[in-house]
Amino acid sequence: MPVITPFRRSPRPSDDAPDDPDTPAAAGPAPLENLRTRLAHWRSWRTRHPRAALVVRRVTTAFSAILVLGSLLLPNTLVALEPNRFARIPGEAVVAAVLLLCLPRVPRLVAAALFGTALGALTVLNLLDMGFTEYLGRSFNLVLDWGLLDDAQSFVADAMGGAAATWAAVGAVVLAVLLLVLMALAAVRLGELLAAHRERAARGALMAATVWMTSAALGVQTFGVPVATTSASKAARAQAHRVVDTLRDEAAFAKEAKADRFGGTPGDQLVPDLRGKDMIFTFIESYGRSAIEDPVMAPGVGRTLDASTASLAKAGFHARSGWLTSATYGGSSWLGHSTFLSGLWVDNQQRYRTVTSGDHLTLTKAFAKTGDWDTVGVMPGVQKAWPEAGWYGLDKVYDAFDVGYRGPKFSWSTMPDQYALEAFQRLEHGRKRDRPLMAEVILTSSHQPWAPIPRMVGWDEVGDGSVYDGIEASGVKASDIITDSTRSKEEYGRSIQYSVTSLTQWLERYGTDDTVLVFLGDHQPLARVSGDGASRDVPVSIVAKDPKVLDAIDDWNWTEGLEPAKDAPVWRMSAFRDRFLTAYGSTPHPTKG
């Protein structure tokens, strides 16, 4: 009898059966499994290579300790950046160690990460303080100074090229982010190390605290500095106080700017003793006291001032000179300009925004208010919209693009001073007019980095500026001197000689019996050139043919000639406006804040 085989169905794959690897659905988990496998393999590296892993752990721990302790002890000025500063015990490290030892794991990780991030941020601020102190003679202002970083990038672009400026900006951002991340990771690493060896860490923390308190009480020093320090806490408090003071100052200065001794003076009672005079107010970039007194720069600058004084005298002009203490240092020229012309102490960007958005009377606007002068500005450094022209009372402003210049830039300076002055003569001063002229002129050839520097050419050869092509190409490169203090001083001195020569030759050539020139520096050059601890003083001179102009300031006791004596009077720059208006017959009509 035949055997009957039962019917069998082919088995159906269950829902739990693995998918065919050739089907698209199998592509999902494979990369995840590969990643897990690789991570597991990487983690097992310590087991497979125990000696190498031990070295890595120790190096990582040492690096973390160096990073955290170095940041806690880092000063905020380059002059203080010396090895002895790092041979101290930071009190913040002792407190942080005790706190981390007391916390359970999750709060400890959070606290360590926050501590490290805050320390990274403080390090970034300390580095910014170093740069600002070196260039501007003051610390970085967390509220006001972020906008100046754009100016710093523009300066690097002019001095070193656009590519260098871009890489410098990228590098700075990357460095800041790395500091924040690495400092947080380092603090977490040290926190976990303390927890892993809690008993020994507690004894070590107790010993460190004892040594710190004893050293602080007895004033113990090593290498000339105190062993016990809380420099990081002091730096953080200084930053906080600076923010609070800035916010308070904003409201106080707004009220101060509304009070003006001559704010309500009618136009016919302003500077009546200068009616009919062509008034020229000229700022020479970075022309500071160091140019006249520093042993490297002084000989050449002194010879130029003496020779210019003699040449002007031969042309019938005489001068009186003194000192003004600028509201800024090393840069931010607009703060010096606004301080000098407004009679207010404008030493930060917030004050500048406040005063230029109001109607406080500037010295230049005083001439416009009379209705007896045409008012113009020659601003070769201005390369974008400049709404402050109205506040300064200038009817017309010639910026870098308005004077027909076709020559090369000289680093930051868009054109040589001689060209700017010749253009001023051609466009305004040399024109026949119904009213006298009041002009504000900014000379920029002495702006850092002081390379390359133009040289004088025949005034009839200036033309459209093409004559300067060869001069710029053969000049010293900015990159050759920017890090060399001595060469920077030498080139800075030469730039001041060039600017002063350009201005005084222009006056000899084009000045008339009715021309009155007031010229001054806007600030000292940066510390690398002016020297550590240099004053903020700048020279100021008044030059005229009419003896009555200088007789009016006899009681100022200024020095005869273009070089002020060392003991000549020193005023705050903000004092000049009221003294000048008073000397030339203006009647005060105060407005209240």
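The exercises below treat confidence, one helix, one strand and one loop residue of a predicted model.

Residues are numbered from 1 along each chain as its sequence is written. In this predicted model, local features need pLDDT of at least 70, side-chain atom pairs count only at pLDDT 80 or more, and totals for chains, interfaces and linings use all residues, while side-chain values use heavy atoms, with hydrogens and water left out.

**Exercise 1.** State the mean pLDDT of the protein chain and find where pLDDT stays under 50.

*Solution.*
1. pLDDT is the predictor's confidence in each residue, from 0 to 100.
2. Its mean for the protein chain is 86, and 90% of the residues reach 70 or more.
3. Over residues 1–28, pLDDT stays under 50, and the model has 3 contacts (heavy atoms within 4.5 Å) beyond four places in sequence for them.
4. Where pLDDT is low, the predicted coordinates should not be read in detail.

**Exercise 2.** Decide how far helix α12 is enclosed, and identify the residue that follows α12.

*Solution.*
1. Helices are DSSP runs (H or I, at least four residues) and strands likewise (E, at least two), numbered from the N terminus; α12 spans residues 333–342.
2. Buried means under 20% relative accessible area, exposed over 50%, and partly exposed in between (1.4 Å probe, protein chains only).
3. Of the 10 residues of α12, 9 are buried, so the helix is largely enclosed by the rest of the structure.
4. Among the buried residues are Leu-335, His-337, Phe-340 and Leu-341.
5. Gly-343 follows α12 and has a positive phi, near 80°.

**Exercise 3.** List the strands that pair with β6, with the sense of each pairing.

*Solution.*
1. Two strands pair if DSSP finds at least two bridges between them.
2. β6 (residues 318–325) runs antiparallel to β11 (residues 537–544), with 8 bridges; Ala-319 stands opposite Val-543 there.
3. β12 (residues 559–560) is also antiparallel to β6, joined by 2 bridges, and Ser-321 faces Thr-559.
4. With β13 (residues 570–572) the sense is parallel, over 3 bridges; here Thr-325 stands opposite Arg-572.
5. In β6, 6 of the 8 residues are buried, so this strand is largely enclosed by the rest of the structure.

**Exercise 4.** Describe the surroundings of Asn-348.

*Solution.*
1. Asn-348 sits in the loop between α12 and α13 (349–356).
2. Its relative accessible area is 16%, so Asn-348 is buried.
3. A polar atom of the Asn-348 side chain lies 2.7 Å from the backbone nitrogen of Arg-351.
4. Not counting residues up to four places away in sequence, Asn-348 touches Leu-144, Asp-249 and Leu-335; Leu-335 is one of the buried residues of α12.

Technical notes. Polar contact = N/O pair within 3.5 Å; in protein donor to acceptor, adjacent residues only side chain to side chain.
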